[in-house]
Amino acid sequence: MRNQTEVVEFVFLGFSVIPNSHLYLFLPFLAIYSVTVLGNLMIFILIQLDASLHTPMYYFLSHLSCLDICTSTVTVPKILVNFLYQQQTITYNQCMAQMFFLISFSGTECALLAVMAYDRYSAICKPLHYSRLMNPKGCAILAFVTWVWGLLNAALHTALSSRLRFCGVNQIHHIFCDIPPLLKMSCNDVHINKVATHIGSLFEGVAPFLFIMLSYIFILCSILKIHSTTGKHKAFSTCASHLSVVIVYFGNGVLNYNRPSAGYSLEIDTLVSTMFCIIPPMLNPLIYSLRNKEVKGALKKVLESQRKDYI
């Protein structure tokens, strides 16, 4: 029978496969986190300052920017602190809190990306009804629902995870607290947790992704009906950034959460987990700033106005 000692602290083993990881990874992680926060903060501020960006699409983008900052902040600062103190540890309460917010923000982002797909569907497939379908009150309600959905989903999984017992085992084969590695460590029955995780993944990940794909099928059909090449290009360009974000986010999510439970090395596990927690939040502002003429135009106007103020 395994030791029933309660665990008060966990040890992350993810970076243990990299000798002297604190020497090589601290600055890259700090740089990536800085780019993530500054890039998303820039997008958020631009949307607030420029009246031309006060549209439903950019309203939801401002929420996405906040989510990306929050998602990255849940994991990366703790990783940086552990590098700094050369100890890969986290207390039990901190672990539960980290998992709660990570699940919450991830679930909210999946739902928000689906809402953004619906916005593009309404704009391209229902242009005459767009102002009615995506009115300010309706947009605020949709955004509110995505945040509440994420919080409720996280509350359920965290409550179930708090019932787990680890019998003295405190080594997490991961770089942050998440459901799969905790279930592998648990010494009590995890059947209910696994069922809840599978059901949650259907509603949190699969359903939004299928909704997004269905929306883009209708969008593609509408674009193909446009006779002019310019019109087709303009319609598709409004979706390109969002579609790129969807591919990056759900692609990393599939890699992180749909691996076999055995047969892969800790090095691969660490690499995939690192990509999931830092790559999408960092790339999203770059995608929207580099591929979007309106955002680049708004940034140019703000920089020019600031330069005139200093002259």
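**Exercise 1.** Determine which cysteine Cys167 is bonded to in this predicted model, and describe the link.

*Solution.* Step 1: look for a sulfur within 2.5 Å, the cut-off for a disulfide. The S to S distance from Cys167 to Cys187 is 1.7 Å, and the two are joined by a disulfide.

Step 2: place the two ends. Cys167 lies in the loop between helix 5 (136–161) and strand 3, while Cys187 lies in the loop between helix 6 and helix 7 (191–224). The pair is 20 residues apart and links distant parts of the chain.

Step 3: assign the handedness. The torsion about the S-S bond of Cys167 and Cys187 is about 70°, so this disulfide is right-handed.

Step 4: classify the accessibility of each end. Cys167 has 8% relative accessibility and therefore counts as buried, the limit being under 20%. Cys187, with a relative accessible area of 27%, is partly exposed.

**Exercise 2.** Carry out the analysis for the disulfide of Cys95 and Cys177, then give the disulfide count and pattern of the protein.

*Solution.* Step 1: the S to S distance between Cys95 and Cys177 is 2.0 Å. Cys95 belongs to helix 3 (residues 92–125), and Cys177 to the loop between strand 3 (171–172) and helix 6 (179–185). These distant parts of the chain are linked across a separation of 82 residues.

Step 2: the value about the S-S bond is -120°, and the link of Cys95 and Cys177 is left-handed. Both Cys95 and Cys177 are buried.

Step 3: the count comes to 2 disulfides. With bonded cysteines numbered along the chain, the pattern is 1-3, 2-4.

**Exercise 3.** Explain why Cys70 and Cys139 are not bonded to the closest cysteine sulfur.

*Solution.* Step 1: for Cys70, the closest cysteine sulfur is in Cys66 at 6.5 Å, which is too far for a bond. Cys70 is partly exposed, with a relative accessible area of 27%.

Step 2: for Cys139, the closest cysteine sulfur is also in Cys66, but at 16 Å, again too far for a bond. Cys139 is buried, its relative accessible area being 4%.

**Exercise 4.** Identify which element gives the most to the nonpolar surface patch that includes Trp149 and Ile199.

*Solution.* Step 1: list the members. The patch is formed by Trp149, Val195, Ile199, Leu202, Phe203, Val206, Phe209, Leu210 and Met213, with about 770 Å² of accessible area together.

Step 2: assign them to elements. Helix 7 gives the most, with 8 residues.

Step 3: check one member. Ile199 is found in helix 7, and its 43% relative accessibility makes Ile199 partly exposed.

Key: Residues are numbered from 1 along each chain as its sequence is written. This is a predicted model: local features need pLDDT of at least 70, side-chain atom pairs count only at pLDDT 80 or more; totals for chains, interfaces and linings use all residues. Side-chain values use heavy atoms; hydrogens and water are left out. Helices (H or I, at least four residues) and strands (E, at least two) are DSSP runs, numbered from the N terminus. Buried means under 20% relative accessible area, exposed over 50%, partly exposed in between (1.4 Å probe, protein chains only). Patches are made of residues with over 30% relative accessible area and no salt bridge: like charges are joined within 9 Å, nonpolar side chains (Val, Leu, Ile, Met, Phe, Trp, Tyr) within 5 Å. Accessible areas come from the Shrake-Rupley method with a 1.4 Å probe; for residues, only the protein chains shown count as cover. A salt bridge is a side-chain nitrogen of Lys or Arg within 4 Å of a carboxyl oxygen of Asp or Glu.
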